[in-house]
Amino acid sequence: MPIARPILSLLALLLLAGGIVMDFLIVLSGSHVGTPTNQVYFLQAATGGIKNGNSQYQNPARWTYLSVCGVGNGLNQNCGPTHAAQSFDPPLNFGTTTGVPASFIGTTKFYYLSRFAWAFYIVALFFAVMAFFLGFLALCTRLGAYLTGLMSILALFFQTLTAALMTAWTVIARNAFQANGQTAFLGLKAYGFTWGAMGCFLLATTLFCVGGSVGKKDNYQQKSGGTSYFGRKKSTRSTRSRGSFIDSESQRRVKDEYE
């Protein structure tokens, strides 16, 4: 079974790497980097009727990870200034409430849902990268596999949170735009990368934990099968010698009593 652990750990590392790449494609969207990040966005909506908007106003508008972008040839174009923790909040994004659907006015629900999702992407990515580098220890030792599994569990936890929050605000916002008579739809690539990364982290976590348990039973039996902690066989010489001495004394006493 020793060869099974490196194979499982290698597969887990490949899955981790895939999830990390997908998360990076998301967090770079809206950053003017170019292909393929200019194809990634969370939500696209027609914003006709919104008036007196600022420089971020676009029609249609795409909300990406770092900015609000326009659309050209099916790609993100004319993206506005990039922001850390870019939120989805049309009145705040466009600097006006004129023509903005009523569902977005006077509420902070979308603001906080999108901001927390933004933060959890970073946290999940951090733990995934930590797990990836620790994963090389998993190729050699069970302890390394367990430590890497712990890091990947944390990455999975925060990736699941961000996927749930992202899904919540985008679906509710899409429905609000459509209820106002404006075309809106979800970004398939952002959805695919977000949930795909979560799936990669889940499988990687499982493989690391299985890799850590491989050979555990065999090692236990080897240690308990007549060997000491330091790998030397337990000596029975002293016990046998003492037993022989006791037997001899007993036989001598019995003989003396009969005499």
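In this predicted model, helix α4 passes helix α5 in a left-handed crossing. Helix α4 spans residues 142-179, and helix α5 spans residues 188-213. Their axes come within 8 Å. The crossing angle is roughly 160°. Angles over 145 degrees count as roughly antiparallel, and α4 and α5 are therefore roughly antiparallel to each other.

Helix α1 covers residues 4-27 and includes Leu10. Leu10 contributes to a nonpolar surface patch. The other members of this patch are Ile7, Leu11 and Leu14. Together, the four residues make a patch of about 380 Å². The relative accessible area of Leu10 is 46%. Exposed residues have over 50%, and buried ones have under 20%. Leu10 falls between these limits, so it is partly exposed.

Backbone geometry was examined next. Most peptide bonds are trans, and most residues other than glycine have a negative phi. The model holds departures from both habits. A cis peptide bond joins Asn59 and Pro60. Its omega is about -5°. Pro60 sits in the loop between strands β1 and β2. Strand β1 comprises residues 43-45, and strand β2 comprises residues 61-63.

Two asparagines show a positive phi. For Asn73, the angle is about 55°, although this residue is not a glycine. Asn73 is placed in the loop between β3 (68-72) and β4 (75-77). Its relative accessibility is 76%. Because exposed means over 50%, Asn73 counts as exposed.

Asn78 has a phi near 55°, again a positive value in a residue other than glycine. Its place is in the loop between β4 and α2. Helix α2 covers residues 90-94. With a relative accessibility of 58%, Asn78 also counts as exposed. The loops holding Asn73 and Asn78 both adjoin strand β4.

Strand β4 itself contains Leu75. The relative accessible area of Leu75 is 26%. This value is not under 20%, the limit for buried residues, and it is not over 50%, so Leu75 is partly exposed. Leu75 was also compared in position with Gly34. Along the chain, Leu75 and Gly34 are 41 residues apart. In space, their C-alpha atoms are separated by 9.4 Å.

Terms used. Residues numbered from 1 in each chain as written. Predicted model: local features only at pLDDT ≥ 70, side-chain atom pairs only at ≥ 80, totals over all residues. Heavy atoms only, no water. Patch = residues over 30% accessible without salt bridge, like charges linked within 9 Å, V, L, I, M, F, W, Y side chains within 5 Å. Areas by Shrake-Rupley, 256 points an atom, 1.4 Å probe, with all protein chains shown as cover. Salt bridge = Lys/Arg side-chain N within 4 Å of Asp/Glu carboxyl O. Helix = DSSP H or I, 4+ residues; strand = E, 2+ residues; numbered from the N terminus. Buried < 20%, exposed > 50% of the residue type's maximum accessible area, 1.4 Å probe, protein only. Axes fitted to C-alpha atoms, helices over the stretch in contact; angles between N-to-C directions. Parallel < 35°, antiparallel > 145°, perpendicular 65-115°, else oblique. Left-handed = near helix turned anticlockwise from the far one by under 90°.
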